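Biologist: I am new to this structure and should be grateful for a close look at one part of it. Please choose a single helix, describe it carefully, and then show how its surroundings connect to the rest of the chain.

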Amino acid sequence: MPHPSRIPERMCIVCRNLRPRTELLRLVRPTGRNDLVPDPTGRKPGKGFYLCRNQDCLARLQKEKKLRRLFAGRIAPEVFSWMELELGAAGDGDALT
Ligand SMILES: [Zn+2]
């Protein structure tokens, strides 16, 4: 039986698993724009996209054609650097919010 949790779950755009929001990186496509930008606070307006905090999903996002077309092609190189940093820094489990 799953634990009841107060943390809302979101779906990773790569592996499509549901995870607590705190275990995902959030990107936002700001209204009227076509690119995706980091949203570490989870409060930016726009459509949100979530990615697991693991190297696998980040690698697949950059490698798989369909994902590249849908998402990675709209993500600036410095945003990928930010995500890599975030993944490297993840671990001690305190939330960014
Ligand atoms: Zn994932």
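Modeller: Let us take helix α1, residues 55–63, in which Cys57, Leu58 and Leu61 are buried (under 20% relative accessible area with a 1.4 Å probe, protein chains only; exposed is over 50%, partly exposed in between). These three residues lie on the same side of α1, because they cover an arc of only 100° around the axis, taken from the directions of the C-beta atoms. Asp56 and Lys63, on the other side of α1, are exposed. Ala59 also has its place in helix α1, and it counts as partly exposed because its relative accessibility is 35%. The model is predicted, so local features need pLDDT of at least 70 and side-chain atom pairs pLDDT 80 or more, while totals for chains, interfaces and linings use all residues. Residues are numbered from 1 along each chain as its sequence is written, and side-chain values rest on heavy atoms, without hydrogens or water.

The N-terminal end of α1 is capped by Asn54, which has a side-chain oxygen 3.2 Å from the backbone nitrogen of Asp56. Helices here are DSSP runs of H or I with at least four residues, and strands are runs of E with at least two.

Cys57 of the helix also takes part in a metal site: Cys12, Cys15, Cys52 and Cys57 each offer SG to the zinc ion, at 2.2 to 2.3 Å (donors are N, O and S atoms within 2.8 Å of such a metal). The arrangement is tetrahedral because the 4 donor atoms subtend angles of 103 to 117° around the zinc ion (all angles must lie between 85 and 135 degrees). Along the chain, the donors follow the spacing C-x2-C-x36-C-x4-C. Cys52 is buried, and so is Cys57. Another link in space concerns Ala59 and Val14, which are 45 residues apart in sequence yet have C-alpha atoms 9.6 Å apart.

Between the donors Cys12 and Cys15 on one side and β2 (18–20) on the other comes Arg16, in the loop that joins β1 (9–11) to β2. Arg16 is exposed, because its relative accessible area is 54%. Its phi is near 60°, a positive value in a residue other than glycine. Most residues other than glycine have a negative phi.

From Cys52 one may turn to the strand β5, residues 47–52, which holds Phe49. A search of the whole structure finds 1 aromatic pair: Phe49 and Phe71 meet edge-to-face, 5.2 Å centre to centre with 65° between the planes (rings pair within 6.5 Å, and over 60 degrees is edge-to-face). Phe71 lies in the loop between α2 (65–70) and α3 (77–89), so the pair ties together parts that are 22 residues apart in sequence. Phe49 is buried, at 9% relative accessible area, and Phe71 is buried at 11%.

Arg26 belongs to strand β3, residues 24–29. This residue is buried, with a relative accessible area of 14%. A polar contact of 2.9 Å joins its side chain to that of Tyr50 (N or O atoms within 3.5 Å, one able to donate a hydrogen and the other to accept it).

To place helix α1 in the whole, the chain has 3 helices and 5 strands, in the order β-β-β-β-β-α-α-α from the N terminus. Of its 97 residues, 32% are buried.

Technical notes
Rings of Phe, Tyr and Trp (its six-membered ring) pair if their centres lie within 6.5 Å; planes under 30 degrees apart count as stacked, over 60 as edge-to-face and the rest as tilted. Donors are N, O and S atoms within 2.8 Å of the metal (3.2 Å for Na, K and Ca); water is not among the atoms, so sites may look incomplete. Four donors count as tetrahedral if all angles lie between 85 and 135 degrees; four count as square planar and six as octahedral if opposite donors are over 155 degrees apart and all others between 65 and 115; anything else is irregular.
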